[in-house]
Structures are given as C-alpha cells and as structure tokens.
Amino acid sequence: MKKEIVTLFLMASVWAAQAQGTFTIEGQVKNVEDGTLVTLFRLDGNVGNSIGVDTIRNGHFRFQAETLGNETEIVDMMGRSDKFPSMSLRLWVRSGDNIP
C-alpha cells in the first residue's frame, strides 16, 4: 500500500510540473489600419503552427495562449499588411509571461 501511495504522489508531481499555463502578448502599432490581422505561430522545428490571430483595433492587438509546459518556448508573430515588413518577430515565452 505504501508503495502505491508513493507512486501516485510521484505521478501527481510529474503531472503538476508539466501543467500548462498561459502567456500574454500585447502590442501597439502606429500607421497600421484597423482590421489588419496579426498572427502568432508556435515553432515546431522549422514549421510554424498558428496558435492565434488578432485584429488590430485602435492600434492595439493582444494574444493570450497556453504554454506546452514550464519550459521556454519560441513563438513568431507576423502581420499581414503592406505596413509590416515581410518577416516575423521572434519571441521567447514562458508560462506566466506578460509581454507588453
């Protein structure tokens, strides 16, 4: 019985350590029309998977997304407009981050 309790405790500890959290990215841009889309991608090797899209309103955008665990992750943000360069902005995020 004692062995089972220790095993359950260890499993719960590992699960808690891998629990997902969230991060927030907020931004402000100038000279970009309202309605312009900004996309956030999570990188998996050389491939980016979209994890959020926001529309610029009054020069502001905001993303809140779940992390995959407690490790630092790489995300890329890219705007779709003639007012943005044709490249992405790389950011490093962790659970609990608030990037203004």
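**Strands, turns and two unusual asparagines**

Author: Welcome! In this predicted model, β2 and β3 make a hairpin with 2 residues between them, and G45 in the turn has a positive phi of about 70°.

Reader: Thanks! How many bridges join β2 to β3, and do they run parallel or antiparallel?
Author: Let's start with one pair: V38 has D54 in β3 as its bridge partner. The two strands run antiparallel, and the number of bridges joining β2 to β3 is 8.

Reader: Which elements does the protein chain have, and in what order do they run from the N terminus on?
Author: Happy to lay that out. The protein chain holds 1 helix and 7 strands. Reading from the N terminus, the order is α-β-β-β-β-β-β-β.

Reader: Which strands are the edge strands of the open sheet?
Author: The open sheet has 3 strands in the order β4-β1-β7, with mixed pairing. An edge strand here pairs on one side only, and that description fits β4 (60-66) and β7 (98-99).

Reader: Which residue in β7 stands opposite I25?
Author: Look at strand β1, residues 22-28, which is joined to β7 by 2 bridges. These two strands run parallel. Opposite I25, in β7, you will find I99.

Reader: What is the phi of N31, and is N31 buried or exposed?
Author: Good one to check in the structure above. Most residues other than glycine have a negative phi. N31 is not a glycine, yet its phi is positive, about 60°. This residue lies in the loop between β1 and β2 (37-44), and because its relative accessible area is 68%, above the 50% cut-off, N31 counts as exposed.

Reader: Where is N58 found, and what is its relative accessible area?
Author: N58 is another residue that is not a glycine but has a positive phi, about 55°. The loop between β3 (47-55) and β4 is where N58 is found. N58 is exposed, and its relative accessible area is 65%.

Reader: What share of the exposed area of the protein chain do carbon and sulfur atoms supply?
Author: For the whole chain, 26% of the 100 residues count as buried. The area that the protein chain exposes is about 7,300 Å², and the share supplied by carbon and sulfur atoms is 54%.

Reader: Last one: among contacts between residues at least 6 apart in sequence, what percentage join residues at least 24 apart?
Author: This value covers contacts within the protein chain, counting pairs at least 6 apart in sequence. Those that join residues at least 24 apart make up 60%.

Definitions and conventions: Residues numbered from 1 in each chain as written. Predicted model: local features only at pLDDT ≥ 70, side-chain atom pairs only at ≥ 80, totals over all residues. Heavy atoms only, no water. Pairing = 2+ DSSP bridges. Helix = DSSP H or I, 4+ residues; strand = E, 2+ residues; numbered from the N terminus. Buried < 20%, exposed > 50% of the residue type's maximum accessible area, 1.4 Å probe, protein only. Contact = heavy atoms within 4.5 Å. Areas by Shrake-Rupley, 256 points an atom, 1.4 Å probe, with all protein chains shown as cover.
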